[in-house]
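Work through the exercises below with the sequence and the model side by side. Try each task before reading its solution.

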Amino acid sequence: MVAKVNALVLISMAIMATAQNQQQATKPTGVCGTDITGTGQGDLDAIKGCKQFHGTITMHQPPVHQLTLAGVEEIIGDVLITGSSSLRTLSAPSLKSVQGELRISEHTGLQQLDLPVLQEATGLTLRVLPELEKIDFPAGLSKVQDLTIQDTRATVIGGLKFDTLNKFTLTANTLMNSFDLQAKEISGELYVVGNGDHMEFKASQLASLQTGTLRNLDSVDLSGLTHVISDLSFHQNDFTALHLDSLQDIGGTLAIANNNRLSETSMKELNLIRGALSVGNNTQLTSISGYPKLSAVYGTVDLAGGFDTYELPSLQDVRGGMRIQSSSAKFPCPDVTKKFKESSVVKGSIWGCKSNMDVDSMDPTIGQGEGGTSGGGGGGISGPAGGMNNKKQDGKPSTGAVNVAESAGNTVSIIHGAYMSIVAAGLAFTFGL
């Protein structure tokens, strides 16, 4: 076994060495292969003869009104242009591809961003650009892994053509009232929070995602969503109905909370929730219904509101507990107790059903406070911390919204770290380490 492990280590080292040698062999010498740390146009003019540039371009607080990255078509590295109050125009007329992160952030006076031929970037961050009204990719941004659009004045974003991505963050764009996401798969996090007061979010082609946090929406279309690997939460939205009729399974917790106009939920194909089912403080929702095929919840069923009735016809296996709190005197707790507790559908020790409760005396449901709680014997909400409404007003930057998005990014990093730990543990088990 030790010999096998040693052989694998040697093979891995050989692969890494070969990759490094190939990179060194292809990386140009001279100005086209040297990192740039600068503050002005002259620093960018120095590489305008490089169609392909290998290295990182870093410009922090450039004290100029205009920057143009001319001539360069491809960058193997990062482009980090940040922190200027004087920059008004930024353009890269020839740039097609960034094999790294393109980060344009914290330019409080930036009014024009021109990326006319950009088609690919490993990561793209447009963040804290409170004067930027137009974001467009005329050539079609067809490949990106992580995309963040945060705190801009844009009403629409043009030219997004990708089918898959890892992470998508759309937050604090307070003039944006509609967005149509064409992606079919998000392998990481979908985070849409605190945009326009009447935001309509459409992602009808999205079939699967890792985690989803959707907040402050007037309407949402996830009609093609079939699989959620981890948690899915809907908080503080203004829509009246939530229809996820293609959704079959959720690998974590489903949380629906603080949606004060919500009166109807429908998830016709949902059969399994591996975390908790948490529905709380949706003041117009009077029935626990819309889950005709839900047969198993591996966490807790945690429900609180003004429910008169319930319909969970297929539920046969609750491995956590069940807690139901209703302000209605009509809610049939004796029937619920007989159906779920006395028949041993609920396996966990947590049990409670109360009707005719004062709303103020109800305990918050799992994830209701948006504070990243977990519970119910499996699957919590690993969402960002935050207070109530993180929208901005009058187009002004909202520090709270910015911090919320940063917390969301930290969450993904934690998930990634946990995943790597699992991989390492699996390797140790496989090879007997």
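**Exercise 1.** Classify Lys347: is this residue buried, partly exposed or exposed? Then find its salt-bridge partner.

*Solution.* Step one: take the cut-offs. Buried means under 20% relative accessible area, exposed over 50%, and partly exposed in between (1.4 Å probe, protein chains only). Lys347 has 48% relative accessibility, so it counts as partly exposed.

Step two: look for the partner. A salt bridge needs a side-chain nitrogen of Lys or Arg within 4 Å of a carboxyl oxygen of Asp or Glu. Lys347 meets Asp317 this way, at 3.1 Å from N to O.

Step three: place both residues. Helices (H or I, at least four residues) and strands (E, at least two) are DSSP runs, numbered from the N terminus. Lys347 lies in the loop between helix 3 (333-341) and strand 35 (351-354), and Asp317 in strand 33 (residues 317-318), so the pair ties together parts 30 residues apart in sequence. Asp317 counts as buried because its relative accessibility is 17%.

A note on the model: it is predicted, so local features need pLDDT of at least 70 and side-chain atom pairs count only at pLDDT 80 or more, while totals for chains, interfaces and linings use all residues. Residues are numbered from 1 along each chain as its sequence is written, and side-chain values use heavy atoms, with hydrogens and water left out.

**Exercise 2.** How many salt bridges does a search of the whole structure find? Examine the one between Glu106 and Arg127.

*Solution.* The search finds ten salt bridges. In the pair Glu106 and Arg127, the closest N and O atoms are 3.0 Å apart. Glu106 sits in the loop between strand 8 (97-105) and strand 9, and Arg127 in strand 10 (residues 120-129), so parts 21 residues apart in sequence are tied together. Now compare accessibility. Glu106 is partly exposed, at 39%. Arg127 is buried, at 13%. Finally, look for a network: Asp302, Arg323 and Asp363 are linked in one by salt bridges.

**Exercise 3.** Find the aromatic cluster that contains Phe179. How are the rings of Phe179 and Phe201 arranged?

*Solution.* The cluster is formed by Phe168, Phe179 and Phe201. Next, apply the pair rule. Rings of Phe, Tyr and Trp (its six-membered ring) pair if their centres lie within 6.5 Å; planes under 30 degrees apart count as stacked, over 60 as edge-to-face and the rest as tilted. By this rule the count comes to five aromatic pairs. Phe179 and Phe201 have ring centres 6.2 Å apart and planes at 10°, so they are stacked. This pair links distant parts of the chain: Phe179 is in strand 16 (residues 178-180) and Phe201 in strand 18 (residues 200-202), 22 residues apart. Last, check burial. Phe179 is buried at 5%, and Phe201 is buried at 0%.

**Exercise 4.** In what order do the strands of the three-stranded open sheet lie? Name its edges.

*Solution.* Two strands pair if DSSP finds at least two bridges between them. The order is 4-7-9, with parallel pairing. The edges are strand 4 (66-68) and strand 9 (112-114), each pairing on one side only. Strand 4 and strand 7 (residues 89-91) are joined by three bridges. Thr68 stands opposite Ser91 in strand 7.

**Exercise 5.** Locate Asp151 and Asn281, then give the sign of phi for each.

*Solution.* Most residues other than glycine have a negative phi. Asp151, in strand 12 (residues 143-152), has a positive phi near 60°. Asn281, in the loop between strand 28 (277-280) and strand 29 (287-288), also has a positive phi, about 60°. Asp151 is buried at 1%, whereas Asn281 is partly exposed at 31%.
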